[in-house]
Amino acid sequence: MENELRKAIEKWVEYQIEQNKELEKKYPPNPPNDVCKTAYMKGLLIENSFEPEVGEMNELFEVEHEKVFVWTHEKDRNSSIIIKVDPEVKDMPFWKNIASIMWLAMQYANSFEGISADWYEYRWIYYFDSNKNLAEQVFNNLEQFDSVNLTNGRIIKATDIGNLAPEIELMMSLKVTPLDNSFSM
């Protein structure tokens, strides 16, 4: 009996390992990659006064390795920021992503009004399809708490981002090195 139980457990473990390998093929870790190069910007929403259609992707701007869009994923809901990221950023020693640049630009532009505690961060989406709503997208490592709070954040107009162009350019031009280089001996 004990031997049968051991064999059953070993078979179950082998099955789980195989299942995990299959899942890792379909949903490879460490985005961006070929199937997960689109990020949802958590923490910033766009109000829909421009009357977009559901599924619509409106390009806002592009920087060296990222293209920024306003995506309308549901009727009568605020739109979201979606970023298409070039997987080459993984080869860079330090990547200033546009979410952190936009946050810095907004903090700089609003420096006399107080600093926001909100932080914009990427939530990676596998096989992004703009015609599916947000709940139908497959996210990488999305915690239950994150899924509840995914559509919470600061709400602004798309033109507010356009008005930040000088600050975004300034932040993009700053030469920054990885922090760990500062501590090398």
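**Exercise 1. Determine what share of the contacts with a separation of 6 or more joins residues 24 or more positions apart, and set out the overall fold of the chain.**

Solution. Residues 24 or more positions apart supply 67% of the contacts in the protein chain that have a separation of 6 or more. The model under study is a predicted one. Its chain contains six helices and seven strands. In sequence order these elements give the pattern α-β-β-β-β-α-β-β-α-β-α-α-α. Of the 185 residues, 36% are buried. The accessible surface amounts to about 12100 Å², and carbon and sulfur atoms account for 51% of that area.

**Exercise 2. Identify the residues with the most contacts inside the largest nonpolar core, and state which elements each supply at least two residues to that core.**

Solution. The largest nonpolar core comprises 29 residues, and Leu44, Ile81 and Ile98 have the most contacts inside it. At least two residues of this core come from each of the following: strands S1 (38–46), S2 (57–63), S3 (66–71), S4 (79–85) and S5 (121–126), together with helices H2 (98–109) and H5 (165–173). Helix H2 provides the largest share, seven residues. Next, consider the surroundings of leucine 44: leaving aside residues up to four places away in sequence, Leu44 touches Ile81, Met102, Met106, Tyr120, Arg154, Ile156 and Ile161. Another core, of nine residues, lies apart from the largest one; among its members are Trp71, Ile125, Leu134 and Phe139.

**Exercise 3. Classify the ring pair of tyrosine 27 and tyrosine 126, and establish which parts of the chain the pair ties together.**

Solution. The structure holds five aromatic pairs. In the pair of tyrosine 27 and tyrosine 126, the ring centres are 5.0 Å apart and the planes stand at 70 degrees; planes over 60 degrees apart count as edge-to-face, so this pair is edge-to-face. Tyrosine 27 belongs to the loop between H1 and S1, whereas tyrosine 126 belongs to strand S5; the pair therefore ties together parts 99 residues apart in sequence. Tyrosine 27 is partly exposed, at 25% relative accessibility, while tyrosine 126 is buried, at 3%. Tyrosine 126 also pairs with tyrosine 127 in a tilted arrangement, with 6.5 Å from centre to centre and 35 degrees between the planes. Tyrosine 127 is partly exposed, at 41% relative accessibility. Ring pairs thus link Tyr27, Tyr126 and Tyr127 into a cluster.

**Exercise 4. Decide whether leucine 5 is buried or exposed, and name the surface patch that contains Leu5.**

Solution. Leucine 5 is located in helix H1 (residues 2–26). Its relative accessible area is 53%, and leucine 5 is therefore exposed, the cut-off being over 50%. With Ile9, Trp12, Val13 and Ile17, Leu5 forms a nonpolar patch on the surface, with about 490 Å² of accessible area together.

Technical notes:
Residues are numbered from 1 along each chain as its sequence is written. This is a predicted model: local features need pLDDT of at least 70, side-chain atom pairs count only at pLDDT 80 or more; totals for chains, interfaces and linings use all residues. Side-chain values use heavy atoms; hydrogens and water are left out. Patches are made of residues with over 30% relative accessible area and no salt bridge: like charges are joined within 9 Å, nonpolar side chains (Val, Leu, Ile, Met, Phe, Trp, Tyr) within 5 Å. Accessible areas come from the Shrake-Rupley method with a 1.4 Å probe; for residues, only the protein chains shown count as cover. A salt bridge is a side-chain nitrogen of Lys or Arg within 4 Å of a carboxyl oxygen of Asp or Glu. Helices (H or I, at least four residues) and strands (E, at least two) are DSSP runs, numbered from the N terminus. Buried means under 20% relative accessible area, exposed over 50%, partly exposed in between (1.4 Å probe, protein chains only). Contact means heavy atoms within 4.5 Å. A nonpolar core is a set of buried Ala, Val, Leu, Ile, Met, Phe, Trp, Tyr and Cys residues joined through side-chain atoms within 4.5 Å. Rings of Phe, Tyr and Trp (its six-membered ring) pair if their centres lie within 6.5 Å; planes under 30 degrees apart count as stacked, over 60 as edge-to-face and the rest as tilted.
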